Every structure is written in C-alpha cells, then in structure tokens.
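Reader: I have a model open here and would like to go through it with you. Can we take it piece by piece?

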Amino acid sequence: MEGRAVLVLTVDRRGRLMNLRMVQGTGHEPLDEAIRSAAREVTSFGRLPDGYPDATLSFSASIRFVLVDS
C-alpha cells in the first residue's frame with residue numbers, strides 16, 4: 001500500500017509546535033494518528049530568523065509512505 005498525508009504545522013519564534021492540522025489523511029486512522037503523533041514529538045523545528053516579521057510560521061509537510069509485508 002502506498003499513499004501520502006499532508007499536514008499544516010504552525011510554529012512559534014522558538015520553533016515550538018503551536019498547531020497541527022492534517023489536511024489530507026491516508027484513509028487509515030491508525031496511520032494518520034501515528035503521523036500526527038510523530039510530528040508532535042519533534043522538540044523543535046528550529047528558531048525563526050531574527051529578521052522574520054511574524055510571531056509564527058505556518059508550513060505544509062507532505063509525508064509519503066509505502067507499507068510492505070515483512
């Protein structure tokens with residue numbers, strides 16, 4: 001099985017996750033939850049540059065996966 005999920009993440013100036021939204025799921029809720037959990041476990045996405053004008057930054061991340069039998 002192959003597929004992809006798309007997340008929209010918002011981080012603050014310190015790089016901490018403030019919001020997470022799945023805009024395209026895999027169609028398999030346990031896998032979707034595993035993807036959301038993995039994103040929440042990231043301790044820092046890196047500080048925003050000093051010259052960045054906004055308090056937060058939102059960006060999308062596309063996660064491609066392939067499930068194989070082992």
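Author: What follows covers the sheet, the helix, the core and a few side chains.

Reader: Ground rules before that?

Author: This is a predicted model, in which local features need pLDDT of at least 70 and side-chain atom pairs count only at pLDDT 80 or more, while totals for chains, interfaces and linings use all residues. Residues are numbered from 1 along each chain as its sequence is written, and side-chain values use heavy atoms, with hydrogens and water left out.

Reader: In what order do the strands sit in the sheet?

Author: The order is S2-S1-S3 in an open sheet of three strands, with antiparallel pairing. S2 and strand S3 (56-66) are the edge strands, each pairing on one side only. From one strand to the next, the twist averages 25 degrees. Strands here are DSSP E runs of at least two residues, helices are H or I runs of at least four, and both are numbered from the N terminus. Two strands pair if DSSP finds at least two bridges between them.

Reader: How many bridges join S1 to S3?

Author: Eleven, and the two strands run antiparallel. As one example of facing residues, valine 11 stands opposite leucine 57 in S3.

Reader: And how many join S1 to S2?

Author: Six, again with antiparallel strands. Valine 8 stands opposite arginine 21 in S2. The hairpin of S1 and S2 has four residues between the strands, and glycine 15 there takes a positive phi near 90 degrees.

Reader: Which strands does H1 touch?

Author: H1 packs on the sheet and touches S1, S2 and S3, its direction making about 155 degrees with that of S2. Axes are lines fitted to C-alpha atoms, for helices over the stretch in contact, and angles run from 0 to 180 degrees between N-to-C directions. Contact means heavy atoms within 4.5 Å.

Reader: Which residues make up the largest nonpolar core?

Author: Nine residues: Ala5, Leu7, Leu9, Leu20, Met22, Leu31, Ile35, Ala39 and Phe65. Strand S1 (2-12), strand S2 (17-24) and helix H1 (29-40) each supply at least two of them. A nonpolar core is a set of buried Ala, Val, Leu, Ile, Met, Phe, Trp, Tyr and Cys residues joined through side-chain atoms within 4.5 Å.

Reader: What is leucine 9 in contact with, leaving aside its neighbours within four places in sequence?

Author: The contacts of leucine 9 are Leu17, Asn19, Leu20, Ala39, Phe45, Leu57, Ser58, Phe59 and Ala61.

Reader: How many aromatic pairs does a search of the whole structure find?

Author: One. Phenylalanine 45 and phenylalanine 59 are edge-to-face, at 6.0 Å centre to centre and 65 degrees between the planes. Rings of Phe, Tyr and Trp (its six-membered ring) pair if their centres lie within 6.5 Å; planes under 30 degrees apart are stacked, over 60 edge-to-face, the rest tilted. Phenylalanine 45 is in the loop between H1 and S3, and phenylalanine 59 is in strand S3, 14 residues apart.

Reader: Is arginine 36 buried or exposed?

Author: Arginine 36 counts as buried because its relative accessibility is 15%; buried means under 20% relative accessible area, exposed over 50%, partly exposed in between (1.4 Å probe, protein chains only). Arginine 36 is in helix H1, and a polar contact of 3.1 Å joins its side chain to that of glutamate 33. A polar contact is a pair of N or O atoms within 3.5 Å; within protein, one must be able to donate a hydrogen and the other to accept it, and residues adjacent in sequence count only if both atoms are side-chain atoms.
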